[in-house]
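Reader: Hi! I'm new to reading protein models. Could you walk me through this one?

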Amino acid sequence: MSPRTGRPTDNPKKARLELRLSNDDISKLEYCYQKTGLSKAEILRKGLELVYQSLKK
């Protein structure tokens, strides 16, 4: 059996980040998660990309 498990990826997610959110922020994240079906991490990545792109303009 191969020592590596999971699907190969071109963009591995090795870094971990811990953050604190208010109850309001958690509610907004849960709402987005339920409506889109995306993971919470993916929702946060998309938000980061939106802010990043707006700053680069």
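Author: Happy to! One term first: a residue is called buried under 20% relative accessible area, exposed over 50%, and partly exposed in between. Keep in mind that this is a predicted model.

Reader: Okay, let's try it. Is Glu30 buried, exposed or partly exposed?

Author: Glu30 has 26% relative accessibility, so Glu30 counts as partly exposed.

Reader: And which residue does Glu30 form a salt bridge with?

Author: With Lys40; the closest N and O atoms are 2.6 Å apart. Glu30 lies in helix α1 and Lys40 in helix α2, residues 40-56, so this pair ties together parts that are ten residues apart in sequence. Lys40 is partly exposed too, because its relative accessibility is 34%.

Reader: Cool! How many salt bridges are there in the whole structure?

Author: A search finds three. Another one joins Lys28 to Asp24, with 3.4 Å between the closest N and O atoms. Both of these residues sit in helix α1, four residues apart, which is about one turn of the helix.

Reader: How accessible is Lys28? And Asp24?

Author: Lys28 comes out at 48%, so Lys28 is partly exposed. Asp24, at 46%, is also partly exposed.

Reader: What about Glu42, which side chain does it meet in a salt bridge?

Author: The side chain of Arg45, at 3.0 Å from N to O. Glu42 and Arg45 are both in helix α2, three residues apart, again about one turn. Glu42 has 28% relative accessibility, so Glu42 is partly exposed, and Arg45 is partly exposed at 36%.

Reader: Switching topic: what is the volume of the largest pocket?

Author: About 460 Å³. Arg45 turns up here as well, as one of the lining residues, which also include Lys13, Arg16, Glu18, Ala41 and Leu48.

Reader: How many lining residues are nonpolar, and how many are charged?

Author: Six are nonpolar and five are charged, with no polar ones.

Reader: Now the outside. Which residues form the nonpolar patch on the surface?

Author: Leu17, Leu19, Leu21, Ile26 and Leu44, with about 480 Å² of accessible area together. Leu17, Leu19 and Leu44 are also among the residues that line the largest pocket. Ile26 belongs to helix α1 and is partly exposed, at 38% relative accessibility.

Reader: Last one! Where does Ser27 lie?

Author: Ser27 is in helix α1, which covers residues 23-36. With a relative accessible area of 46%, Ser27 is partly exposed. The C-alpha atoms of Ser27 and Leu55 are separated by 26 Å, and the two residues are 28 residues apart along the chain.

Methods:
Residues are numbered from 1 along each chain as its sequence is written. This is a predicted model: local features need pLDDT of at least 70, side-chain atom pairs count only at pLDDT 80 or more; totals for chains, interfaces and linings use all residues. Side-chain values use heavy atoms; hydrogens and water are left out. Helices (H or I, at least four residues) and strands (E, at least two) are DSSP runs, numbered from the N terminus. Buried means under 20% relative accessible area, exposed over 50%, partly exposed in between (1.4 Å probe, protein chains only). Patches are made of residues with over 30% relative accessible area and no salt bridge: like charges are joined within 9 Å, nonpolar side chains (Val, Leu, Ile, Met, Phe, Trp, Tyr) within 5 Å. Accessible areas come from the Shrake-Rupley method with a 1.4 Å probe; for residues, only the protein chains shown count as cover. A salt bridge is a side-chain nitrogen of Lys or Arg within 4 Å of a carboxyl oxygen of Asp or Glu. On a 1 Å grid over the protein atoms alone, a cavity is a set of points where a 1.4 Å probe fits but cannot get out, and a pocket is an open set with protein on both sides within 12 Å along at least five of seven lines; lining residues have an atom within 4 Å of a point. Grid points are joined across faces, edges and corners, and a volume is the space filled by probe spheres set on the points. Ala, Val, Leu, Ile, Met, Phe, Trp, Tyr, Cys and Pro count as nonpolar, Asp, Glu, Lys and Arg as charged, and the others, Gly among them, as polar.
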